[in-house]
Amino acid sequence: GCFDEFNRLPENILSAVSQQILTIQRGLLAHSKTVDLLGRSISLHDSVGIFITMNPGYAGRSNLPDNLKQLFRSVAMTIPD
């Protein structure tokens, strides 16, 4: 899934989401067929990917909690000359 402007969510929601993403990532590493999210067994496909976009520096944007930052690789994009 791709979550656009992810940092528009409040920090307390971002922190809760990070636990669910961590559960999915651990399931992928363990080659599990299902993961438990919020008490529900969810099918897990090994081809799943989680992507987020952010626009830091804008008003109303949250900083990502450290536990969430660790779950993603950063990629920066700039306007070409």
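## Aromatic pairing

How many aromatic pairs does the structure hold? Just one, and keep in mind that we're looking at a predicted model here. The partners are F3 and F6, whose rings sit 6.0 Å apart, centre to centre. Their planes make an angle of 55°, so the pair goes down as tilted, because that label covers what falls between stacked (under 30 degrees) and edge-to-face (over 60).

The two rings don't get equal cover. F3 is partly exposed, at 41% relative accessible area, whereas F6 is buried, with a relative accessibility of 6%. The cut-off for buried is under 20%, which means F6 qualifies and F3 doesn't.

## Overall layout

Stepping back to the whole chain, there are two helices and four strands. Read from the N terminus, the order of elements is β-α-β-β-β-α. The C-alpha trace spans about 45 × 30 × 20 Å along its principal axes.

The chain has 81 residues, and 21% of them count as buried. As for how the chain meets itself, take the contacts with a separation of 6 or more: 61% of these join residues 24 or more positions apart.

## Helix 1

Helix 1 is 19 residues long. From first C-alpha to last it reaches 27 Å, close to the 27 Å you'd expect at 1.5 Å a residue. Right after helix 1 comes H31, and its phi is positive, near 55°.

Which residues of helix 1 are buried? They are L14, S18, I21, I24 and G27. Part of their cover comes from strand 2 (34–37) and helix 2 (66–69), among the pieces that pack over them.

## The largest pocket

Now for the empty space. The largest pocket holds about 740 Å³. It is lined by 21 residues, and those closest to the pocket centre are I52, F72, R73, S74 and V75. Two elements give two or more residues each to this lining: helix 1 (11–29) and strand 4 (51–52). So helix 1 turns up again, this time as a wall of the pocket as defined by atoms within 4 Å of a pocket point.

What is the lining made of, by class? There are 13 nonpolar residues, along with six polar and two charged ones. R73, one of the residues closest to the centre, falls in the charged class, because Arg is counted there. I52, F72 and V75 are also on that central list, and they go in the nonpolar class because Ile, Phe and Val belong to it.

Terms used
Residues numbered from 1 in each chain as written. Predicted model: local features only at pLDDT ≥ 70, side-chain atom pairs only at ≥ 80, totals over all residues. Heavy atoms only, no water. 1 Å grid on protein atoms, 1.4 Å probe; cavity = no way out; pocket = protein on both sides within 12 Å on 5 of 7 lines; lining within 4 Å. Points joined across faces, edges and corners; volume = space filled by probe spheres on them. Phe/Tyr/Trp six-rings, centres within 6.5 Å; stacked < 30°, edge-to-face > 60°. Buried < 20%, exposed > 50% of the residue type's maximum accessible area, 1.4 Å probe, protein only. Expected span 1.5 Å × (residues − 1). Contact = heavy atoms within 4.5 Å.
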